[in-house]
Every structure is written in C-alpha cells, then in structure tokens.
Amino acid sequence: MKRIAVLASGRGSNFQAIIDAISAGTLRAECVRLITDNPGAYAITRAKGAGVPVTALDYRSYATKGAYEADLLAAMKDCRADLFVLAGYMRIIGQAITDTFAGKMINIHPALLPAFAGLHAQRQAIEYGVKVAGCTVHLVDGGMDSGPIILQVCVPVLEDDDEDSLAERILAEEHQALPAAAALFCEGRLSVEGRRVRILPPRD
Ligand code: GRF
C-alpha cells in the first residue's frame with residue numbers, strides 16, 4: 001500500500017477528496033499525514049475526523065522562510081511517504097524540498113496551465129475573458145505551477161460567471177481530478193518523458 005502525505009493551508013476540500021477516495025477504495029493508499037503551514041486550517045479538523053495524524057507548522061512564527069522550510073523538510077522526511085499531494089498548499093516550495101522529493105510531489109491548480117499560474121487563477125481567467133477554464137494536476141518542479149502535467153479537466157465559463165461561481169465549478173472537477181491523478185501515481189501508471197506524462201494502461 002502506497003503512503004500519501006498531504007500538504008494543505010486552508011479549507012482542505014481537496015484533502016477531503018483524497019480521504020474520501022481512499023475510503024471509497026478508488027485510491028488504494030494510506031493517508032499517513034496532513035502537514036499544514038497554518039494552525040488555523042480547517043483541513044486539521046478534517047484530518048482529525050479521518051484519523052489522519054497532523055503536523056502543524058506555524059509559518060508566521062518563523063524568522064525566515066529557510067528556517068520554516070528546514071522544519072517542513074524534516075516533517076516530510078519523517079512521513080516516509082511515496083507521494084506528497086499539495087492540496088491547496090499556498091506557498092512556493094523551495095529547492096531543497098523539490099530536489100529531495102523530485103517526482104514524488106503533485107499539485108492541483110485551478111486553471112488550465114500554463115495559463116493563469118499563481119494566485120487567484122479563477123479571477124485571472126474571468127478578467128482575461130477566456131471561455132473555457134478548468135484545473136490541472138501536475139508534478140511539482142522548482143518553478144511555480146510549472147511541472148509536467150498529469151491531468152487537466154475543462155469547464156465552461158458562463159456568461160454571468162464571477163470569480164466565485166467559476167471557482168465553484170472548477171472545484172467540483174478538482175475533487176475528481178486530484179484523487180484520480182494520485183491513484184494513477186500509486187498504481188505506477190505515470191511515465192514521465194521530459195515535459196510529457198504518459199498515462200499507462202492499468203495492470204491486470
Ligand atoms: C483549490 O482551488 C486549489 O486548486 C487551490 O486552492 C484551493 C484550495 O481549496 N490551489 P481546498 O483547500 O482544497 O478546499
């Protein structure tokens with residue numbers, strides 16, 4: 001059974017989607033830890049409900065990002081996870097961590113990358129006037145929302161959408177795509193060739 005650790009900063013609905021997929025048996029893995037940078041994150045409540053151990057680091061209590069990331073790296077090593085899922089983890093991960101866990105971290109982003117990387121992706125999409133939006137699950141590399149793409153799902157942008165209504169429509173797809181990508185990873189069905197991620201057929 002593969003070991004998954006989740007990093008989340010806030011509400012944690014994508015973390016919940018991972019927990020629910022494990023319970024449903026569609027994601028055959030064990031969620032071994034929630035790590036958060038925010039002791040007030042609602043994700044912590046969800047972890048307690050699911051019996052998932054929590055490491056809560058308080059980012060604001062650190063003097064430097066380097067000091068925080070040293071503790072984060074130690075916490076991640078301690079998980080002995082096969083896969084780290086960034087599920088609404090709102091900080092850019094530093095190079096010591098991306099190097100240590102290269103190929104073992106995935107992130108969900110609420111836009112069709114490479115469009116609208118960074119914060120407020122749904123607002124960026126509304127303001128740009130695109131007619132199609134969506135979400136992307138990708139491997140994490142040293143850049144911001146820049147790693148090889150595993151899955152993307154489209155949603156339409158409707159005439160009277162605002163940032164919130166579009167975010168809600170995208171979020172429903174995030175909750176499907178993130179566990180699905182985690183399952184492909186755990187089943188050994190991702191083959192990375194440069195920027196391209198090939199999805200291999202299921203093994204019997
Ligand atoms: C999601 O839209 C995710 O794509 C983005 O931040 C949001 C987190 O939501 N990175 P939640 O905490 O998973 O509910």
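**Exercise 1. Helices H5 and H6**

The crossing of H5 and H6 is right-handed. In this predicted model, determine how H5 and H6 are oriented to each other and which residues make the contact.

*Solution.*
Step 1. The axes of helix H5 (residues 121-128) and H6 cross at roughly 120° and come within 9 Å.
Step 2. Angles of 65 to 115 degrees count as roughly perpendicular and those over 145 as roughly antiparallel, the rest being oblique; H5 and H6 are therefore oblique to each other.
Step 3. On the H5 side, the contact is formed by Gln122, Arg123, Ala125 and Ile126, and on the H6 side by Glu163, Leu166, Ala167 and Ile170.
Step 4. Sorted by class, the residues of the H5 contact with H6 comprise 5 nonpolar, 1 polar and 2 charged.

**Exercise 2. Helix H1 against H6**

Establish the packing angle of H1 and H6 and the residues through which H1 and H6 meet.

*Solution.*
Step 1. The axes of helix H1 (residues 13-24) and helix H6 (residues 163-186) lie 9 Å apart, and the packing angle is about 50°.
Step 2. H1 and H6 are therefore oblique to each other, and H1 passes H6 in a right-handed crossing.
Step 3. From H1, the residues Ser13, Asn14, Ala17, Ile18 and Ala21 meet Leu171, Glu174, His175, Leu178, Pro179 and Ala182 of H6.
Step 4. This contact of H1 with H6 contains 7 nonpolar, 3 polar and 1 charged residues.

**Exercise 3. Helix H1 against H2**

Decide whether H1 is roughly parallel or oblique to H2, and list the residues that meet.

*Solution.*
Step 1. H1 and H2 pack with axes 9 Å apart, at an angle of about 15°.
Step 2. Because angles under 35 degrees count as roughly parallel, H1 is roughly parallel to H2.
Step 3. The crossing of H1 and H2 is right-handed.
Step 4. Ser13, Phe15, Gln16 and Ile19 of H1 meet Ala43, Arg46, Ala47 and Ala50 of H2.
Step 5. The contact of H1 with H2 has 5 nonpolar, 2 polar and 1 charged residues.

**Exercise 4. The length and surroundings of H1**

Compare the end-to-end distance of H1 with its expected span, and state which elements cover the buried residues of H1.

*Solution.*
Step 1. At 1.5 Å a residue, a span of 16 Å is expected for the 12 residues of H1; the end C-alpha atoms are 16 Å apart, which agrees.
Step 2. The buried residues in H1 include Ser13, Asn14, Phe15, Ala17, Ile18, Ile19 and Ala21.
Step 3. Among the elements covering the buried residues of H1 are strands E1 (2-7), E2 (29-36), E4 (83-86) and E5 (105-109), together with helices H2 (42-50) and H6.
Step 4. Just after H1, Gly25 takes a positive phi of about 85°.

**Exercise 5. Cys31**

Is Cys31 buried or exposed, and which residues does Cys31 touch?

*Solution.*
Step 1. Cys31 is placed in strand E2.
Step 2. Its relative accessibility is 13%, so Cys31 counts as buried.
Step 3. Leaving aside residues up to four places away in sequence, Cys31 touches Ile4, Val6, Phe15, Ile22 and Val52.

**Exercise 6. Backbone features in loops**

Locate Arg80, Asp145 and Pro114, and describe the backbone of each.

*Solution.*
Step 1. Arg80, in the loop between helix H3 (65-79) and E4, has a positive phi of about 50° although it is not a glycine. At 59% relative accessibility, Arg80 counts as exposed.
Step 2. Asp145, in the loop between strand E6 (132-139) and strand E7 (149-156), is not a glycine but has a positive phi of about 55°. At 16% relative accessibility, Asp145 counts as buried.
Step 3. Pro114 lies in the loop between E5 and H5, and the peptide bond from Leu113 to Pro114 is cis, with omega near 15°.

Methods. Residues numbered from 1 in each chain as written. Predicted model: local features only at pLDDT ≥ 70, side-chain atom pairs only at ≥ 80, totals over all residues. Heavy atoms only, no water. Axes fitted to C-alpha atoms, helices over the stretch in contact; angles between N-to-C directions. Helix = DSSP H or I, 4+ residues; strand = E, 2+ residues; numbered from the N terminus. Left-handed = near helix turned anticlockwise from the far one by under 90°. Contact = heavy atoms within 4.5 Å. Nonpolar A, V, L, I, M, F, W, Y, C, P; charged D, E, K, R; others polar. Expected span 1.5 Å × (residues − 1). Buried < 20%, exposed > 50% of the residue type's maximum accessible area, 1.4 Å probe, protein only.
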